[in-house]
Amino acid sequence: MKTGYKNMKCGLIGEHLGHSFSGPIHKELADYSYELRELRPSEVGDFVRGGDLDAFNVTIPYKKDVIPFLDEISPEARSIGAVNTVVKGKDGKVRGYNTDYFGFCHMIELSGFDVKGKKAIVFGTGGASLTVCAVLRDKGVRELAVIGIEDNTPENLLRHADAELVANATPVGMYPKNGNSPVDLSLFKDSKCVLDVIYNPSRTALLLEAEKRGIPYVNGLPMLVAQAARAFEFFTGDSYEEGAIERITASVSRQIKNVILVGMPGCGKSTVGCATALALGREFADADDEFTKMHGMTPADCINTLGEDRFRELEHETLCELGKKSGMVIATGGGAVTRECNYAPLHQNGTIFFIERKLENLARDGRPLSMKVSAEDMYAARIGAYRRFADVTVVSNEVVEDTVSAIIENFNKIS
């Protein structure tokens, strides 16, 4: 972290900023203050001209709106038609820049995909899309299709089914509206790379589909960090530290990823989860407790009164809400893996750990399904799903601290 800027007041303006990770990123870049300011459209002009921040970033939906209130605009920002960084100079002039260009260049480089001579399709026509398209043109794509809301029809998309790069520059699929996608990726049989400027969730529905199809992808977090590092340079006139982008991307990724625990009923997920959350300084959530809060009955009562199928439907709703959250430790019910539809909401923001424990040591009290089916039969029926869901298997040796240490060690390695 660069020091010597404690007297600077920096920040981010936008309409809705509850999902923003910009604060933690800038905190690791420098010691200036960094505040989030939610503004109404009518407030933007007055803030740009007379707000109390020395410099600030601009996000959805104001990257175009700030331009009329600036004294000067960098050639790059003018060419793109969008500004995401504003600096008030000592001469009183307010200047606008575009650091998203630098950020998206970094995102492409990280993907390892050479866009030169390739066909690309970009979803979105807003400020983010303008930047994405400018970078792709400058890097020499052979053909570029830009799809707005009115163009997003099956007939039109079929004309671009040969696209080799698919890029999402819309907010579709962004928290809290997780699970939505701007397009069905199966339309693009020649796709070799998928880029999504969204960073929350870590894996949007579009990226989850890319992963399922074995297509390389990158989310928007590296772009966000890279553009912030470039913004730091405009804010301060200083250069960001070598390796800062990679270091901060890895750090923020670990902070926002959930630790998800799956395993047989009675394997100790709640006990281990609580201890893991305490060790990491995180919030803990037990899916069974969240189920009770959301639906007004315990899982056991639901199974006994409404049946297992209805319970699984309501459990899925619970896991969808839990899976949207960031930076938590979440213990799931033992049968969560029996419904494949639960994988996406858990995987979108999480690293999934299978806690494997000897069957004779499983706790069975008060578990309606565990009392109806033998542990051996249940294990045989579910083991494939546990392993399919899990990123890591941790074998419990009956010492909670050892299990927690194994989870944290693996989480730090792969997140």
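Is Leu-12 buried or exposed? I started my notebook with that residue. The model is predicted, and I kept that in mind throughout.

**Entry 1: Leu-12**

I found Leu-12 in strand β1, which covers residues 9-14. Its relative accessible area came out at 4%. The cut-off for buried is under 20%, so Leu-12 is buried. I then listed its contacts, leaving aside neighbours within four places in sequence. Leu-17, Ser-20 and Ser-22 are among them. So are Tyr-34, Glu-35, Leu-36 and Arg-37. Phe-56, Asn-57, Val-58 and Thr-59 are on the list too. I also checked Leu-12 against Leu-319, 307 residues apart along the chain. Their C-alpha atoms are separated by 31 Å.

**Entry 2: Lys-9 and the salt bridges**

I ran a search of the whole structure for salt bridges and got 28. I looked up a few of them.

Lys-9 and Asp-52 meet through their side chains, with N to O at 3.0 Å. This pair links distant parts of the chain, 43 residues apart. Lys-9 sits in strand β1, and Asp-52 sits in the loop between α2 and β3. I read 30% relative accessibility for Lys-9, which counts as partly exposed. Asp-52 has a relative accessible area of 40% and is also partly exposed.

Glu-43 forms a salt bridge with Arg-40. The closest N and O atoms there are 3.1 Å apart. Glu-43 is partly exposed at 26% relative accessibility. Arg-40 is exposed, at 54%.

Glu-211 and Arg-203 form another salt bridge, at 3.6 Å from N to O. Glu-211 is partly exposed, with a relative accessible area of 30%. Arg-203 is buried, at 14%. I also looked for salt bridges that share partners. Lys-9, Glu-35, Arg-37 and Asp-52 are joined into one network that way.

**Entry 3: Lys-269**

How far from Lys-269 is the nearest side chain of opposite charge? I found Asp-288, 7.2 Å away. A salt bridge needs the nitrogen and the oxygen within 4 Å. Lys-269 is buried yet has no salt bridge.

I looked for a polar partner next. The backbone oxygen of Met-264 lies 3.1 Å from a polar atom of the Lys-269 side chain. Lys-269 belongs to helix α10, residues 269-280. Not counting residues up to four places away in sequence, Lys-269 touches Leu-261, Val-262, Gly-263 and Met-264. Ala-331, Thr-332, Gly-333 and Gly-334 are also touched by Lys-269.

**Entry 4: α11 against α13**

At what angle do the axes of α11 and α13 cross? I got roughly 105°, with the axes coming within 9 Å. Angles of 65 to 115 degrees count as roughly perpendicular, so that is the label for α11 and α13. Helix α11 runs over residues 287-295, and helix α13 over 308-323.

I noted the residues that meet. From α11 they are Ala-287, Glu-290, Phe-291, Met-294 and His-295. From α13 they include Phe-311, Leu-314, Glu-315 and Glu-317. Thr-318, Leu-319, Glu-321 and Leu-322 are also on the α13 side.

**Entry 5: Val-44**

Val-44 is in helix α2, residues 44-50. I read 2% relative accessibility, which counts as buried. Val-44 touches Leu-39, Tyr-62 and Val-66, not counting residues up to four places away in sequence. Val-44 and Phe-69 are 25 residues apart in sequence. In space they are 8.8 Å apart, C-alpha to C-alpha.

**Entry 6: backbone checks**

Which peptide bond near Pro-61 is cis? I found the one from Ile-60 to Pro-61, with omega near 5°. Pro-61 lies in the loop between β3 (55-58) and β4 (72-73).

A cis bond also joins Asn-200 and Pro-201, with omega about 15°. Pro-201 is in the loop between β10 (193-196) and α7 (205-212). I looked at Thr-204 in the loop between β10 and α7. Thr-204 is buried, with a relative accessible area of 1%. Leaving aside neighbours within four places in sequence, Thr-204 is in contact with Gly-173, Asp-196 and Ile-198.

I finished with phi of Glu-398. It is near 75°, a positive value in a residue other than glycine. Glu-398 lies in the loop between β16 (392-395) and α17 (400-414). At 36% relative accessibility, Glu-398 is partly exposed.

Methods
Residues are numbered from 1 along each chain as its sequence is written. This is a predicted model: local features need pLDDT of at least 70, side-chain atom pairs count only at pLDDT 80 or more; totals for chains, interfaces and linings use all residues. Side-chain values use heavy atoms; hydrogens and water are left out. Helices (H or I, at least four residues) and strands (E, at least two) are DSSP runs, numbered from the N terminus. Buried means under 20% relative accessible area, exposed over 50%, partly exposed in between (1.4 Å probe, protein chains only). Lys and Arg count as positive and Asp and Glu as negative; His and the chain ends are not counted. A polar contact is a pair of N or O atoms within 3.5 Å; within protein, one must be able to donate a hydrogen and the other to accept it, and residues adjacent in sequence count only if both atoms are side-chain atoms. Contact means heavy atoms within 4.5 Å. Axes are lines fitted to C-alpha atoms, for helices over the stretch in contact, and angles run from 0 to 180 degrees between N-to-C directions. Angles under 35 degrees count as roughly parallel, over 145 as roughly antiparallel, 65 to 115 as roughly perpendicular and the rest as oblique.
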